[in-house]
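This report introduces a single protein chain to a reader who has not met it before. The sequence and structure are shown first, and the description follows.

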Amino acid sequence: MKIPLIHHHPYKRFFMSLWDFLTSKTGAFLIGVSAIAVGSYQFYINKPIMKYETDISNIVSSNNINDLKVTIKEKEYKDLYKTTLILTNTGALALSGNDVSKMGHDPIRVQIPKGIEIVSYQIDNNLTSPSISAKLIPYKGDLVISFDFINPDNQIGINILHEKESDDFSIVGSAVNVN
């Protein structure tokens, strides 16, 4: 006894119509737009994206009359400013410290403005995400930020004390696959 093939005809017609649509100009256009959208997501969004913000505050000023004295390493400062920088991974993937440019190339670092002498610097553990192990390394007048990795939405906080006011502190550098 032969089984009729009537049940297979609707599927065959459906797949033939689908194939005709996908190979048409409209179908090819939709495939191309979809590929560009997925590629853009992979290239621009689905990677570490490093951003930073800065904040400067005056700790003590010689312009003010007060009893406040600040002494660091046995030296008294009449004018002292604190700049706080926060480096945050706002991307979708973690950034490994191994992917950062090495010393001598373009490591991620705090760029110290010309004419600014640093009194003290430190990683601020109150601002730094608990899972991050980071340190600052002085290198050619700047501070290189060394870390194991920075997960998405994690951050590193840095405090820098200096005598002259400046809002020109910045974080620069490069790493593999980072926007």
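## Burial and exposed surface

In this predicted model, 32% of the 179 residues in the chain are buried. The surface that the chain exposes amounts to about 12,200 Å², and 56% of that area is supplied by carbon and sulfur atoms.

The chain carries 17 positive and 18 negative side chains. The centres of these two sets are 15 Å apart.

## Overall architecture

The chain contains two helices and 12 strands. In sequence order, both helices precede the strands, giving the pattern α-α-β-β-β-β-β-β-β-β-β-β-β-β. The chain is more spread out than a compact globule, because its radius of gyration is 28 Å, well over the 16 Å that the globule rule gives for 179 residues.

The C-alpha trace spans about 105 × 30 × 30 Å along its principal axes. Among contacts between residues at least 6 apart in sequence, 76% join residues at least 24 apart.

## The nonpolar cores

The largest nonpolar core comprises 22 residues. Those with the most contacts inside this core are Ile-108, Val-110, Ile-145, Phe-147, Ile-156, Ile-158 and Ile-160. At least two residues of this core come from each of the strands β4 (80-89), β9 (142-147) and β11 (155-162). Another core, of seven residues, lies apart from the largest one, and its members include Ile-72, Tyr-77, Leu-80 and Leu-161.

Ile-145 illustrates the surroundings of one core residue. When neighbours within four places in sequence are set aside, Ile-145 is in contact with Leu-87, Ile-108, Arg-109, Val-110, Lys-135, Leu-136, Ile-156, Ile-158 and Ile-171.

## A residue in strand β7

Gln-122 belongs to strand β7, which covers residues 118-123. Is this residue buried, partly exposed or exposed? Its relative accessibility is 43%, so Gln-122 counts as partly exposed.

Beyond its neighbours within four places in sequence, Gln-122 is in contact with Leu-136, Gly-157, Ile-158 and Asn-159. Of these, Leu-136 is 14 residues from Gln-122 in sequence, and the two C-alpha atoms are 7.1 Å apart in space. Leu-136 is also in contact with Ile-145, as is Ile-158.

## Loop residues with positive phi

Most residues other than glycine have a negative phi. Two loop residues may be considered against this background. Glu-74, which is not a glycine, has a positive phi near 65 degrees. Glu-74 is placed in the loop between β2 (70-72) and β3 (75-77), and its relative accessibility of 82% means that it counts as exposed.

Lys-140 likewise is not a glycine and has a positive phi, of about 50 degrees. This residue lies in the loop between β8 (134-139) and β9. With a relative accessible area of 72%, Lys-140 is exposed.

## A loop residue and a distance across the chain

His-105 is located in the loop between β5 (95-96) and β6 (109-111). Its relative accessibility is 66%, so His-105 counts as exposed.

How far apart are the C-alpha atoms of His-105 and Phe-29? They are separated by 43 Å, and the two residues are 76 residues apart along the chain.

Definitions and conventions:
Residues numbered from 1 in each chain as written. Predicted model: local features only at pLDDT ≥ 70, side-chain atom pairs only at ≥ 80, totals over all residues. Heavy atoms only, no water. Helix = DSSP H or I, 4+ residues; strand = E, 2+ residues; numbered from the N terminus. Rg over C-alpha atoms; globule rule 2.2 N^0.38 Å. Buried < 20%, exposed > 50% of the residue type's maximum accessible area, 1.4 Å probe, protein only. Contact = heavy atoms within 4.5 Å. Areas by Shrake-Rupley, 256 points an atom, 1.4 Å probe, with all protein chains shown as cover. Lys, Arg positive; Asp, Glu negative; His and termini not counted. Charge placed at Lys NZ, Arg CZ, Asp CG, Glu CD. Core = buried A, V, L, I, M, F, W, Y, C linked by side-chain atoms within 4.5 Å.
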